[in-house]
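Subject: Structure handover

Hello,

Here is the structure I promised to pass on to you. Have a look first, and then read on for what turned up in it.

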Amino acid sequence: MASHALLSAHQVSKSYGDFHALRNVSVHVDDGEFISIVGPNGAGKSTLVNVLTGLLKPTTGHVHFRGQDIAGIGPVELSRRGMARGFQLVNIFPALTVRETLGVAAASRLRRIGNPFRSLGADREVRDAVEEVADIFNLRHRLDQQASALSQGEKKLLDVASAFALKPELILIDEPTSGVSTGDKHAIMELLVAASRKAGVRGIIQVEHDMDLVARYSDRIVALQAGTVLADEKPETFFKDPALIAAVVGTRPPKMTQKPAVQEIRPC
Ligand SMILES: Nc1ncnc2c1ncn2[C@@H]1O[C@H](COP(=O)(O)OP(=O)(O)OP(=O)(O)O)[C@@H](O)[C@H]1O
């Protein structure tokens with residue numbers, strides 16, 4: 001285990017019946033790191049993320065967050081301990097407004113029991129928390145609109161913003177920009193990184209297939225293949241190895257020197 005690790009998985013294996021989805025996987029996230037988990041379909045990325053976030057208990061091995069075993073603790077307890085995961089809430093609750101979507105997360109963090117929507121109107125702390133995170137993600141002007149009315153880019157931002165409303169130390173996001181245009185992808189990622197700094201987030205893990213985003217934003221890349229760690233490298237090293245890239249994604253490496261143009265997220 002790395003000495004400054006915020007999160008570490010040690011020799012984790014996960015089997016579904018006779019099938020070994022993860023075999024002896026060890027990964028860690030240090031304070032201040034942005035880690036990307038990559039790999040072809042079926043490599044075990046979702047299984048690893050579910051193990052790292054306490055949704056799944058590993059068959060063998062240990063997962064520690066800030067020094068405590070979190071195997072199988074579930075999302076509510078996990079968020080109380082300081083780790084949040086971006087879920088596609090917008091798709092699950094399209095009829096909620098942006099304010100309500102963020103309010104549910106803020107009310108949960110502030111441990112408001114009962115009806116979270118009531119606390120949105122009556123509870124100043126919840127209201128302020130919602131507006132603070134909406135400002136960070138440029139969503140204040142959308143607060144009273146239904147999530148379903150947002151542009152695709154804004155929906156993605158709202159999902160990430162909901163996780164931020166939990167005020168996590170470590171955040172885990174699954175393809176935060178899938179389904180949006182290339183320009184919007186970079187705008188979302190830039191906002192996400194800037195928001196993390198502002199909000200005091202100390203570590204980010206993303207699962208991502210887009211190698212341009214992986215190259216641009218990761219401090220380290222963990223590549224999985226058939227349930228094992230194929231590589232755990234800095235981008236400079238990772239993208240110098242064409243065989244590794246081909247094994248993981250089957251594409252050519254992105255240009256490391258090219259900086260993306262950051263654009264505004266387009267309104268719908
Ligand atoms: N509940 C389950 N029961 C049985 N097998 C499973 C289960 N969940 C996942 N698997 C298998 O475990 C392997 C790893 O799946 P996983 O979803 O973790 O991969 P992945 O890298 O996230 O893939 P993708 O990029 O397609 O989402 C796959 O072969 C999958 O079929």
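Let me start with one residue in a loop. Leaving aside neighbours within four places in sequence, phenylalanine 93 is in contact with Thr101 and Ala147. Please keep in mind that this is a predicted model. Phenylalanine 93 sits in the loop between helix 3 (89-92) and helix 4. Is phenylalanine 93 buried or exposed? The answer lies in between: phenylalanine 93 has 16 other C-beta atoms within 10 Å, so it counts as partly exposed, given that buried takes 20 or more and exposed 12 or fewer. As for a residue farther along the chain, alanine 161 is 68 residues away from phenylalanine 93 in sequence, and their C-alpha atoms are separated by 15 Å.

**The chain overall**

The protein chain has 268 residues, of which 43% are buried. Its secondary structure comes to 11 helices and 10 strands. If you take the contacts between residues at least 6 apart in sequence, 65% of them join residues at least 24 apart.

**Helix 4**

One of the two contacts of phenylalanine 93, Thr101, belongs to the buried set of helix 4. This helix runs over residues 98-109, 12 residues in all, and reaches 17 Å from its first C-alpha to its last, close to the 16 Å expected at 1.5 Å a residue. Helix 4 is mostly covered, with nine of its 12 residues buried. Besides Thr101, the buried residues are Val98, Arg99, Leu102, Gly103, Val104, Ala105, Ala106 and Ala107. After helix 4 comes arginine 111, which has a positive phi near 55 degrees.

**Helix 6**

Helix 6 (residues 124-136) has 13 residues, which should span 18 Å at 1.5 Å a residue; the end C-alpha atoms are indeed 18 Å apart, so the two values agree. Where do its buried residues lie around the axis? The residues in question are Val126, Ala129, Val130, Val133, Ala134 and Ile136. They cover an arc of only 160 degrees around the axis, and therefore sit on the same side of helix 6. The face turned away from that buried side carries the exposed residues Arg124, Asp128 and Asp135. Asparagine 138 follows helix 6, and its phi is positive too, near 55 degrees.

**The open sheet**

Next, the strands. Four of them form an open sheet in the order 2-1-4-5, with antiparallel pairing. Strand 2 and strand 5 stand at the edges: each has a single partner strand, so one side of each is left without a neighbour in the sheet.

Within this sheet, strand 1 (residues 5-16) and strand 4 (residues 60-65) pair in the antiparallel sense over five bridges. Here serine 13 is placed opposite threonine 60 of strand 4. Strand 4 also pairs with strand 5 (residues 68-69), again antiparallel, over two bridges. In that pair, phenylalanine 65 has glutamine 68 as its bridge partner in strand 5, while histidine 64 stands opposite aspartate 69. The hairpin of strand 4 and strand 5 has two residues between the strands, and arginine 66 takes a positive phi near 50 degrees there.

**Strands 3, 9 and 10**

Strand 3 (residues 34-38) and strand 9 (residues 220-225) run parallel and are joined by four bridges. One residue pair to look up is serine 36 with its bridge partner isoleucine 221 in strand 9. On to strand 10 (residues 228-233), which pairs with strand 9 in the antiparallel sense over five bridges; leucine 224 has valine 229 of strand 10 as its bridge partner. This hairpin also has two residues between its strands, and alanine 226 takes a positive phi near 45 degrees in it.

**Around the ligand**

Last, the ligand. The residues around it are Tyr16, Phe19, Ala21, Gly39, Asn41, Gly42, Ala43, Gly44, Lys45, Ser46 and Thr47. Strand 2 (19-30) and helix 1 (45-52) are the elements that give two or more residues to this shell. Which element gives the largest share of the shell? That is helix 1, with three residues. By class, the shell has four nonpolar, six polar and one charged residues.

Enjoy looking through it, and do write back with any questions.

Best wishes

Key
Residues numbered from 1 in each chain as written. Predicted model: local features only at pLDDT ≥ 70, side-chain atom pairs only at ≥ 80, totals over all residues. Expected span 1.5 Å × (residues − 1). Near = placed C-beta within 6 Å. Nonpolar A, V, L, I, M, F, W, Y, C, P; charged D, E, K, R; others polar. Pairing = 2+ DSSP bridges. Arc of directions from axis to C-beta. Contact = placed C-beta atoms within 7 Å.
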